[in-house]
Amino acid sequence: MIIIYDSFYQKHDSGPTHPENAGRLPGIIGELEKCEFAEKLKFIKPYSATAEQIQLIHSSKYVREIKKLSSSGGYHYLDMDTVVSKYTYECALLAAGGCFKGLDLIFGGSKKESKVYSKNSSESRSEEVLKFFALVRPPGHHAFKSMGSGFCIFNNISLAARYAKACYDIKKIMIIDFDAHHGNGTQDFFYNDGDVFYISFHQYPHYPGTGYYNEIGSGNGKGFNLNFPFAAGTGDVDYAAAFIEIIIPLAERFQPELILVSAGYDSHLDDPLSSLELVDDSYFKIMILISFISRLFCKNRLGIILEGGYNYSATARSVVKTISGCMIDSKLGKASNIFKLKEELELNNIYEPGLKKRNTDVFNSIKKIFQI
Ligand SMILES: [Zn+2]
């Protein structure tokens with residue numbers, strides 16, 4: 001498993017009391033260095049995306065504005081809590097480039113001719129690189145074409161999806177977002193796009209206010225946007241049920257070629273910014289399910305990108321669990337179809353069909369809309 005990281009990401013300064021601060025990353029790295037599978041992790045440095053690459057999704061005016069605000073020093077507020085300071089522009093370029101680097105490692109060697117190729121991405125790929133975790137900041141899923149918001153400057157995961165399509169022979173991408181907040185920016189980029197299926201789990205109602213289950217995409221994108229607006233107090237029983245009963249059948253229908261994950265750990269019980277109740281192990285369970293989808297449909301191709309997570313210790317432990325869920329090498333991780341998977345999940349107490357779900361009405365409405 002590849003970990004994309006550079007200590008330069010700590011340079012993005014949101015101010016001394018901001019929850020999205022440089023202290024988030026060292027704790028994660030420390031936990032990874034001492035975890036039981038540390039020797040299986042390969043740390044790789046990112047490269048900086050170019051301004052031209054950022055314009056795969058963002059307007060040139062917005063990119064110039066962030067560059068200008070950064071170079072003028074001090075703190076500049078794009079909204080009440082989205083800060084641009086001296087190193088923000090460089091960090092945001094490096095965050096996007098970190099995601100591109102992971103994709104280059106997965107797909108390297110099979111590039112299409114395109115002007116967005118990075119000069120840095122020509123190295124040959126090791127056969128076993130199929131999954132990466134980009135530990136980047138600033139986060140991205142609340143960033144829009146011409147507007148940053150919710151701590152986010154450039155939308156890293158949307159850039160990754162567009163980059164994969166522009167540079168590699170990939171048509172269909174599934175994005176799964178388990179940050180506690182709805183990824184409104186990501187939804188917006190792909191709302192009319194039937195080739196990128198955006199799926200979000202989030203607390204609802206909650207910031208940013210969007211993400212109800214009736215937001216299902218429009219035009220060519222209708223039926224390719226799925227929101228799980230979960231009530232406060234929701235735990236992993238509902239997440240597992242969502243995968244088994246809804247997402248895996250939809251993935252079978254959609255046949256994605258790449259899975260990208262917006263990994264936000266503010267959905268953890270101990271996080272100060274939401275009231276969802278996932279625990280460390282929940283991320284292990286979720287990643288077993290996502291890995292199953294990536295193995296069944298995408299030849300194991302999976303890119304994970306850090307979003308939120310504001311309790312340092314819970315975030316660090318949960319990142320380790322996330323990676324262990326990707327690396328599982330057991331019967332559970334090798335189930336050949338959904339029936340086998342269900343059997344194994346039940347044996348391991350990860351999915352129990354009889355368990356009481358908190359969001360049954362939401363599930364029933366979604367099944368009706370998506371005809372499952
Ligand atoms: Zn969040």
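## Asp280 and its surroundings

Leaving aside neighbours within four places in sequence, Asp280 is in contact with Arg317, Ser318 and Lys321. The model in which these contacts appear is a predicted one, and Asp280 itself lies in helix 8 of that model. Asp280 is partly exposed, because 19 other C-beta atoms lie within 10 Å of its own, while a residue counts as buried if 20 or more do. A further relation concerns Lys356, which is 76 residues from Asp280 along the chain, with 21 Å between the C-alpha atoms of the two.

## Helix 8 and the loop that follows

Helix 8, residues 280–297, can be checked for length against the value expected at 1.5 Å a residue. Its 18 residues should span 26 Å on that basis, and its end C-alpha atoms are 27 Å apart, so the two values agree. Of the 18 residues in helix 8, 14 are buried, and the helix is therefore largely enclosed by the rest of the structure.

Just after helix 8 comes Lys299, with a positive phi of about 50°, although Lys299 is not a glycine. Lys299 sits in the loop that leads from helix 8 to strand 10, residues 302–306. Lys299 is exposed, because 12 other C-beta atoms lie within 10 Å, and a count of 12 or fewer places a residue in that class.

## Helix 5 and its packing with helix 4

Helix 5 has twelve residues, and the distance from its first C-alpha to its last is 16 Å, close to the 16 Å expected at 1.5 Å a residue. Eleven of these twelve residues are buried, so helix 5 is largely enclosed by the rest of the structure. The buried residues of helix 5 include Ile157, Ser158, Ala161 and Arg162, as well as Lys165 and Cys167.

Two packed helices are described by the angle between their axes and the distance between the axes. For helix 4, residues 88–107, and helix 5, the angle is about 40° and the axes are 9 Å apart; the two helices are therefore oblique to each other. Their crossing is right-handed. On the side of helix 4 the contact is made by Ala95, Ala96, Cys99, Phe100 and Leu103, and on the side of helix 5 by Asn156, Leu159, Ala160, Tyr163 and Ala164. Sorted by class, this contact between helix 4 and helix 5 has nine nonpolar residues, one polar residue and no charged residues.

## Helix 1 against helix 9

A second packed pair consists of helix 1, residues 24–34, and helix 9, residues 312–327, whose axes come within 8 Å and cross at roughly 40°. Helix 1 and helix 9 are therefore oblique to each other, and helix 1 passes helix 9 in a right-handed crossing. Helix 1 contributes Arg24, Gly27, Ile28, Gly30, Glu31 and Leu32 to the contact, whereas helix 9 contributes Tyr312, Ser313, Thr315, Ala316, Arg317, Val319 and Val320. By class, the contact of helix 1 with helix 9 comprises six nonpolar, four polar and three charged residues. Arg317, named here on the side of helix 9, is also one of the residues in contact with Asp280.

## Cis peptide bonds in two loops

The peptide bond from Arg137 to Pro138 is cis, and its omega is near 5°. Pro138 belongs to the loop that runs between strand 5, residues 131–134, and helix 5, residues 156–167. Another cis peptide bond joins Tyr204 and Pro205, with an omega of about -5°, and Pro205 lies in the loop between strand 7, residues 196–203, and strand 8, residues 225–230.

The loop between strand 7 and strand 8 also holds Gly209. Gly209 counts as exposed, because it has 11 C-beta neighbours inside 10 Å. Between Gly209 and His181 there are 8.9 Å in space, C-alpha to C-alpha, and the two are 28 residues apart in sequence.

## Gln371 after helix 11

Gln371 is found in the segment after helix 11, residues 360–369. Phi of Gln371 is near 55°, a positive value in a residue other than glycine. Gln371 counts as exposed, because 8 C-beta neighbours lie inside 10 Å.

Conventions:
Residues are numbered from 1 along each chain as its sequence is written. This is a predicted model: local features need pLDDT of at least 70, side-chain atom pairs count only at pLDDT 80 or more; totals for chains, interfaces and linings use all residues. Axes are lines fitted to C-alpha atoms, for helices over the stretch in contact, and angles run from 0 to 180 degrees between N-to-C directions. Helices (H or I, at least four residues) and strands (E, at least two) are DSSP runs, numbered from the N terminus. Angles under 35 degrees count as roughly parallel, over 145 as roughly antiparallel, 65 to 115 as roughly perpendicular and the rest as oblique. A crossing is left-handed if the near helix is turned anticlockwise from the far one by less than a right angle, and right-handed if clockwise. Two residues are in contact if their C-beta atoms, placed from the backbone, lie within 7 Å. Ala, Val, Leu, Ile, Met, Phe, Trp, Tyr, Cys and Pro count as nonpolar, Asp, Glu, Lys and Arg as charged, and the others, Gly among them, as polar. The expected span of a helix is 1.5 Å times one less than its number of residues.
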